Amino acid sequence: MKYDVLQVLAMIVLVVFGQGLVRLLVDHDDRGLLGWVPGGFGVVLPVYAALTVAGALGAGWAHTRVKVLGRRGESS
């Protein structure tokens, strides 16, 4: 059960910060949730990218752990 919750939380992180990353790339002045981070576009962009990658890696890891426990079917 805990890996299911971790997978959901990681997917939320992936979606929220992935959307913020795309928004920042389209409009460099719209920093979204990370508007409080000091610095400009060059500082906020890698933070959004790192959080997006962390969400993707976390969701993949949690999914793999659930599959090892036998609660997910094999993917095709």
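**Contacts between two helices**

At 15% relative accessibility, Y3 counts as buried, because the limit for that class is under 20%. This value, like the others below, was computed from a predicted model.

The aromatic residues offer a suitable place to begin. A pair of aromatic rings is described by the distance of the centres and the angle of the planes. The structure contains 2 aromatic pairs. In one of them, Y3 meets W61 edge-to-face, with 5.6 Å from centre to centre and 75° between the planes. Y3 belongs to helix α1 (residues 2-26) and W61 to helix α2, so this pair ties together parts that are 58 residues apart in sequence. W61 is partly exposed, its relative accessible area being 46%.

F17 and Y48 also form an aromatic pair, but a tilted one: the centres are 5.9 Å apart and the planes stand at 55°. This pair likewise links distant parts of the chain, with F17 in helix α1 and Y48 in helix α2, 31 residues apart. Both F17 and Y48 are buried.

F17 has a further neighbour in T52. Leaving aside residues up to four places away in sequence, T52 touches L14, F17, G18 and L21. T52 lies in helix α2, which spans residues 41-68. With a relative accessible area of 14%, T52 is buried.

Attention now turns to charged residues. Side chains of opposite charge can pair when their charged atoms come close. A search of the whole structure finds 1 salt bridge. R23 forms a salt bridge with D30, and their closest N and O atoms are 3.7 Å apart. R23 is partly exposed, at 27% relative accessible area, and D30 is partly exposed, at 27%.

Terms used:
Residues numbered from 1 in each chain as written. Predicted model: local features only at pLDDT ≥ 70, side-chain atom pairs only at ≥ 80, totals over all residues. Heavy atoms only, no water. Helix = DSSP H or I, 4+ residues; strand = E, 2+ residues; numbered from the N terminus. Buried < 20%, exposed > 50% of the residue type's maximum accessible area, 1.4 Å probe, protein only. Contact = heavy atoms within 4.5 Å. Salt bridge = Lys/Arg side-chain N within 4 Å of Asp/Glu carboxyl O. Phe/Tyr/Trp six-rings, centres within 6.5 Å; stacked < 30°, edge-to-face > 60°.
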